[in-house]
Amino acid sequence: MKNIAYLKLNWLSIFLIFMLFVIGGLVRSTGSGMGCPDWPKCFGEYIPPISESELPADYEAYFKDQRLKKTKRFTALLDMIGFDEKADAIRNDTQVEQSHKFNVVKAYIEYINRLLGALTGIVVFICFLLSLKYVRSNPIVFWYTLAGFIFVFINALLGAIVVHSNLIGSIVTIHFIAAFASICFFLLARRYARVHEYNTVDKKTKQVGLVMMVLSTIQVILGAEVRELYDLLPTLGTAAAKIDGMYPTIQWHAAFGAIVLVVSIYQFITAQKGTFISQYSRWIMLMCIGQILWGPMALLESTESISKLFHITLGAGIFVLQFYICTSYLRQYKKA
Ligand code: HEM
């Protein structure tokens, strides 16, 4: 069954989820994560104010108090479902106690992030409705789309928790993983929906692609650990002090980055020429070179912000393209 509408919406869902990574990187690199101290509203409004004068004098204390109350409810829930340690970690985290001054740029960056999130939710839901057409003829498309939809939904809830817990590292990481999971499910659904397409991938290309997939996954996980450590460092510090503070994870991440780059070059050289795999492998290799350049720049104060933005975007790009390559091994058709 050909379903152009489904494929278009599926593509749009993947694109929008990816854009959430990009804007998420912008939120992070500009430190706008707490640009809106409440959720889903921003400073109590659906359209954030443009000046501090529009807010009541005691707004900082008010939003801090609101967030502390929500965090208390959230940690009580964690206690109830058996995550006592996590609940204690959140309770003892000094970040939760911080209050946030209004900053129009940060508020609007975070607000656009939320608008994009809401638009993604709507598109993903329409895509899910269109996938109902496949329930009988090609049920796997329906199930993968449903899984993708559920993960986007989970991420929307996690988005709120990220704000309520004041950007605690491990929750940001779970938020990241859920976004990766949703994009992967939509890519899988796409692969199974394109029944008229055939792929013939040779054994070696497959093996190299799978090795590259495993390595990029490990590298993204190491990257998330580096980010968690990075956020615990004092704001001002030399690159050497930052490296010391993140020892040995940052060393592992950098060394692994070099391995990922070498394998990406090998994948490009050995991929069957003229195929989409060869084309995508070139992009992956170029993005890996970009990562090796942008990574160390995250340690320098002058380039920290821009580096974080590109580093997150390219890291997500490498993972997503490599996953898409690997989905082509799942369903192979012989020429009639
Ligand atoms: C192929 C190579 C690489 C890939 C795929 C990669 C990927 C990633 C990812 C996905 C993150 C997590 C971003 C986040 O969760 O917010 C990250 C963080 C980070 N990476 Fe890499 N990385 C690579 C190479 C490097 C290299 C060579 C360095 C050099 C030191 C480096 C330094 C960092 C730093 C400092 C962070 C923390 C940035 C932040 O706080 O946002 N990376 N990396």
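The following conversation goes through the fold, the domains and the ligand shell of a predicted model.

Student: What should I know about numbering and confidence before starting?
Tutor: Residues are counted from 1 along each chain as its sequence is written. As the model is predicted, local features need pLDDT of at least 70 and side-chain atom pairs count only at pLDDT 80 or more, while totals for chains, interfaces and linings use all residues.

Student: How many helices and strands are there in the chain?
Tutor: The chain has twelve helices and zero strands. These are DSSP runs numbered from the N terminus, with helices being H or I of at least four residues and strands E of at least two.

Student: What about the overall dimensions?
Tutor: Along the principal axes, the C-alpha atoms fill a box of roughly 75 × 50 × 40 Å. The radius of gyration is 22 Å, which agrees with the value near 20 Å for a compact globule of 336 residues. That radius is taken over C-alpha atoms, and the globule rule is 2.2 Å times the number of residues to the power 0.38.

Student: Which domains is the chain divided into?
Tutor: Domain 1 covers 1-195 and domain 2 covers 199-336; the bounds come from an automatic or database domain assignment. Taken over C-alpha atoms, the domain centres are 24 Å apart.

Student: How many residues of each domain are in contact with the other?
Tutor: 20 residues of domain 1 contact 18 residues of domain 2, where contact means C-beta atoms, placed from the backbone, within 7 Å.

Student: Which elements on the domain 1 side give two or more residues?
Tutor: They are α1 (4-29) and α7 (169-193). The largest share, eleven residues, comes from α7.

Student: And the chemistry of that side?
Tutor: On the side of domain 1 that touches domain 2, eleven residues are nonpolar, seven polar and two charged. Nonpolar here means Ala, Val, Leu, Ile, Met, Phe, Trp, Tyr, Cys and Pro; charged means Asp, Glu, Lys and Arg; the others, Gly among them, are polar.

Student: Changing topic, how many residues surround the ligand?
Tutor: 27 residues surround the ligand, and the closest are G223, G257, Q291, G295 and G315. A residue is included if its C-beta atom, placed from the backbone, lies within 6 Å of the ligand.

Student: Which helices supply at least two residues of that shell?
Tutor: They are α8 (203-230), α10 (249-270), α11 (276-297) and α12 (304-327). The most comes from α8, with seven residues.

Student: What is the split into nonpolar, polar and charged there?
Tutor: The shell around the ligand has 16 nonpolar, eight polar and three charged residues.

Conventions:
Two residues are in contact if their C-beta atoms, placed from the backbone, lie within 7 Å.
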